[in-house]
Amino acid sequence: MSFVPSSLFTTESLPERDRFDAWRTLFSAHDLDADPQDFSGSIETAQIGAVALRVMNAAPQGPGRSRPQIRRDGMDGFVLYLSQHAYTVETERGVLDVPAGAISLNDLSQPYRRCRVPETDSLIIALPRSSIAALLPDEDALHGLLLHGGSGRLLADHMRSLAANRHAIAAVDAGHLAQATLHMIAACVRPSLEGVARAGAPLDAARLRIAKQYLRSHLATPLRIDAMAKALGMSRSQLYRLFEPEGGIARYLARQRLGAVRAALTDPLERRSIGEIGAAYGFGNSAILSRAFRQAYGLSPRDYRASVGGA
């Protein structure tokens with residue numbers, strides 16, 4: 001019988017002077033706040049279908065992800081963290097106090113910082129975004145959730161059971177066990193989402209303002225959602241959701257480009273040709289500009305410029 005694949009990394013066999021650098025390289029997705037002096041750590045990973053289960057023991061450390069780092073590496077997915085120690089997690093929503101034995105959930109595409117805490121048989125579940133999105137379409141609201149109470153304790157017990165039996169999980173059972181874990185996570189998370197959505201409204205408004213500013217400063221640049229998401233430290237699905245009231249990202253951008261062209265045509269000091277103005281605001285050729293402009297304003301760019309007395 002074959003079992004799920006697992007791997008172990010430990011600093012034990014390394015010279016003391018190299019241990020923290022090796023550990024930091026292993027966790028390159030995070031900026032680690034830790035004391036390099038006398039640092040030691042070990043982490044074992046079992047891959048159970050889409051679920052990566054990790055058991056970690058290490059000197060006190062505080063991982064974090066900043067917006068510049070998120071833009072650099074573009075990593076995505078979710079991490080559930082279960083510690084035997086109390087700690088705090090700071091996100092854009094504020095500072096969350098996590099009691100010992102509770103689970104915090106963080107989105108790798110959004111900034112956060114956890115305070116230093118010893119890693120004493122800490123349990124981590126790492127999940128791809130697609131696995132969560134299949135069960136929770138509003139997965140962008142999950143960042144910074146605290147999972148405790150009755151359902152949280154059940155999920156914590158499940159994580160401990162997975163860890164205790166990780167060497168005996170048959171490969172043939174991995175897919176079913178991963179699905180059961182995902183459904184348990186979804187069931188535990190759902191009761192918290194309604195309150196999070198209410199609390200997240202002001203934050204979403206701020207994110208939308210930032211995203212609109214980004215688009216207005218890139219009117220001449222072809223729209224690339226992946227590049228935009230990486231630059232803003234947001235996920236693709238988050239951007240799509242934010243722009244739903246605007247009719248979508250592409251429609252909002254088209255309106256801004258046409259508005260910029262119209263403003264230029266209205267300016268009596270503007271000396272560029274219509275083609276040059278269109279190119280400056282992302283229109284590849286005059287025919288595309290003319291068709292879109294007429295549909296939006298009822299006149300061709302040439303007729304509009306003449307009607308307002310522009311050059």
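How much of the area that the protein exposes do carbon and sulfur atoms supply? The protein exposes about 15300 Å², and carbon and sulfur atoms supply 54% of it, where accessible areas come from the Shrake-Rupley method with a 1.4 Å probe and, for residues, only the protein chains shown count as cover. This is a predicted model, in which local features need pLDDT of at least 70 and side-chain atom pairs count only at pLDDT 80 or more, whereas totals for chains, interfaces and linings use all residues. Residues are numbered from 1 along each chain as its sequence is written, and side-chain values use heavy atoms, with hydrogens and water left out.

**View 1. The whole protein, with 11 helices and 11 strands.** Helices (H or I, at least four residues) and strands (E, at least two) are DSSP runs, numbered from the N terminus. The C-alpha atoms fill a box of roughly 75 × 45 × 40 Å along the principal axes, and the radius of gyration, taken over C-alpha atoms, is 25 Å, while a compact globule of 311 residues would have a value near 19 Å by the rule of 2.2 Å times the number of residues to the power 0.38. Buried residues make up 45% of the 311 residues; buried means under 20% relative accessible area, exposed over 50%, and partly exposed in between (1.4 Å probe, protein chains only).

**View 2. Helix H8, residues 249–266.** This helix of 18 residues reaches 26 Å from its first C-alpha to its last, close to the 26 Å expected at 1.5 Å a residue, the expected span being 1.5 Å times one less than the number of residues. Among the residues of H8 that are buried are Ile249, Tyr252, Leu253, Arg257 and Leu258. An α-helix has 3.6 residues a turn, so residues three or four places apart point the same way.

**View 3. Thr11 and Ala58, with the residues that they touch.** Thr11 sits in the loop between strand S1 (6–10) and helix H1 (16–26), and is buried, with a relative accessible area of 1%. Not counting residues up to four places away in sequence, Thr11 touches Arg19, Trp23, Phe39, Ser40 and Gly41, where contact means heavy atoms within 4.5 Å. Ala58, in strand S4 (residues 51–65), is buried at 13% relative accessibility, and its contacts, with the same sequence neighbours set aside, include Trp23, Phe39, Ser40 and Gly41. Although Ala58 and Gly41 are 17 residues apart in sequence, their C-alpha atoms are 3.9 Å apart in space.

**View 4. Phe3, in the segment before S1.** Phe3 counts as partly exposed, at 42% relative accessibility. The C-alpha atoms of Phe3 and His167 are separated by 7.2 Å, although the two residues are 164 residues apart along the chain. Leaving aside neighbours within four places in sequence, Phe3 is in contact with His167, Ala168, Ile169, Ala170 and Ala171.

**View 5. Asp38 and Asp121, each with a positive phi.** Most residues other than glycine have a negative phi. Asp38, however, has a positive phi of about 60 degrees; this residue lies in the loop between strand S2 (31–34) and strand S3 (41–48) and is exposed, with a relative accessible area of 57%. Asp121, which has a positive phi of about 50 degrees, lies in strand S10 (residues 117–127) and is partly exposed, with a relative accessible area of 41%.
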